[in-house]
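Biologist: Please pick one helix, take a close look at how it packs, and then add a few single residues for context.

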Amino acid sequence: MLKLSTTIGFEDVAEKEVKALIGGRGEQKRGFLLWEGGMEEAVVLNLHSRTLTRVGILKVRGRAKSLEEIARIVKDAEWNWLKGKSFGVESSRNGVHSFNSLDMSRTVGRAVIESCDFRPRVDLSKPDVKLMAYLDGEEFYLWMDTSGRSLHRRGYRAYEHPASLKTSVAAAMLLWSGWRGEALYDPMCGGGTFLCEASLYARGIPPSLWRTSWRFELPHTRALRPLPSFSCAELVGSDLFEKHVQGALKNCLSAGAEGAVFRANAESMCINFQPDLIITNPPYGLRIASKRVIKRLYKNFALACKKNAIAKIAVLTAEGRLMERAFLDSGYVVEKRKKIVNGNLPTDVLLFVR
Ligand SMILES: C[S@@+](CC[C@H](N)C(=O)[O-])C[C@H]1O[C@@H](n2cnc3c(N)ncnc32)[C@H](O)[C@@H]1O
């Protein structure tokens, strides 16, 4: 069984992608999928998935209210396969518990050691095997990580925008929007994540192309099977700041994306081409700009979309209500919506149509 981490709220998009990549069946949980499969499927997903952030091999699953119960279910599993390897445990929790994540890691580590016929070596900084434990209310999961660094760290970013979107979130949003190569424009493109992810997706380039390490040896057939590709119209981005325009161009170059990027204000959107889809992640008034500024920005952006007769606009923002108001006032309707958690922040994903 595989434990597949993804963005909270995009589990359905990840499920569709996983099904297309490895087939089989599974179930959706909050922020992850449990999917049938083993190491072979884990390798395919590590190399090819755009929406997953981590792939693990599930070792233990059960209900636990206390550390004692966690220890008991961990001891029920077989751990002698750790012979000759060092291991470390990392834990996280969701919900209210009378212990913290560090207590959980210690309990799991001790239970693993006590159930082995030998004394396994513990290494917390560079273990051969990284075990990851998660307690969601009373549901306990323990899996062996196969990904190493989170899969959203693709490795093509030459420029780190200060408020860049996770690549896996951008990819999930592209899949969710139904984009299949139509002319795409991001008028607040920052470091150009949408342009890069769209280009990789259309060309069938595995998102792992730039990565050099996982927690498994690469199979000799590294190329695996090619991903399907499709033809792609222009990918265009713009930003208010020249620094980000240059950064987005660098990222496009690094990702091999043929993206055109220029400096422009999304509030006026003077463009001489007709995008089929606008997809964007504007400022929310947290790290960049104030609430007053974003209210005006959202209003003028929606008006500019109307002026340019844009048929479809996908937006990701923590200020969904403000954005929805602006688009409804400009004569658009919400075709679909989602609530996701993006970097611990509840965030709205909205698709407006005329
Ligand atoms: C949240 S960031 C986008 C990050 C981007 N999705 C990425 O992954 O790098 C929002 C961007 O909107 C830009 N921006 C803010 N106001 C703008 C405006 N009026 N016109 C165009 N861009 C604007 C900012 O400079 C910033 O780069």
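Modeller: What follows starts with a helix and its two contacts, and then turns to single residues.

The model is a predicted one. The helix is H1, residues 11-22. One of its partners is helix H2, residues 39-48. The axes of H1 and H2 lie 10 Å apart and meet at an angle of about 120°. That angle makes H1 oblique to H2, because roughly perpendicular covers 65 to 115 degrees and roughly antiparallel starts over 145. The crossing of H1 and H2 is right-handed.

Which residues make this contact? H1 contributes Val 18, Leu 21 and Ile 22, while H2 contributes Glu 41, Val 44, Leu 45 and His 48. Sorted by class, the contact holds five nonpolar residues, one polar and one charged. Glu counts as charged and His as polar.

H1 also packs against helix H5, residues 167-177. Here the angle is about 85° and the axes are 10 Å apart. H1 is therefore roughly perpendicular to H5. From H1, the residues in this contact are Val 13, Ala 14 and Glu 17; from H5, they are Ala 172, Leu 175 and Trp 176. The classes here are five nonpolar, no polar and one charged.

Now for single residues, beginning with a strand. Val 236 is part of strand S10, residues 235-239. It has 21 C-beta neighbours inside 10 Å, so it counts as buried. Leaving out residues up to four places away in sequence, Val 236 touches Tyr 185, Gly 259, Ala 260, Phe 273 and Pro 275.

Two loop residues show the contrast between buried and exposed. Met 269 sits in the loop between strand S11 (259-263) and strand S12 (277-280). It is buried because 20 other C-beta atoms lie within 10 Å, and 20 or more is the cut-off. Ala 309 sits in the loop between helix H8 (291-307) and strand S13 (312-317). Ala 309 has 8 C-beta neighbours inside 10 Å, so it counts as exposed. Neither residue is a glycine, but phi is positive in each: near 45° for Met 269 and about 50° for Ala 309.

Last comes the ligand. It is surrounded by 22 residues, the closest being Met 188, Gly 190, Gly 191, Thr 193 and Ala 266. That shell is made up of twelve nonpolar, eight polar and two charged residues.

Methods. Residues numbered from 1 in each chain as written. Predicted model: local features only at pLDDT ≥ 70, side-chain atom pairs only at ≥ 80, totals over all residues. Near = placed C-beta within 6 Å. Axes fitted to C-alpha atoms, helices over the stretch in contact; angles between N-to-C directions. Helix = DSSP H or I, 4+ residues; strand = E, 2+ residues; numbered from the N terminus. Parallel < 35°, antiparallel > 145°, perpendicular 65-115°, else oblique. Left-handed = near helix turned anticlockwise from the far one by under 90°. Contact = placed C-beta atoms within 7 Å. Buried ≥ 20, exposed ≤ 12 C-beta atoms within 10 Å, placed from the backbone.
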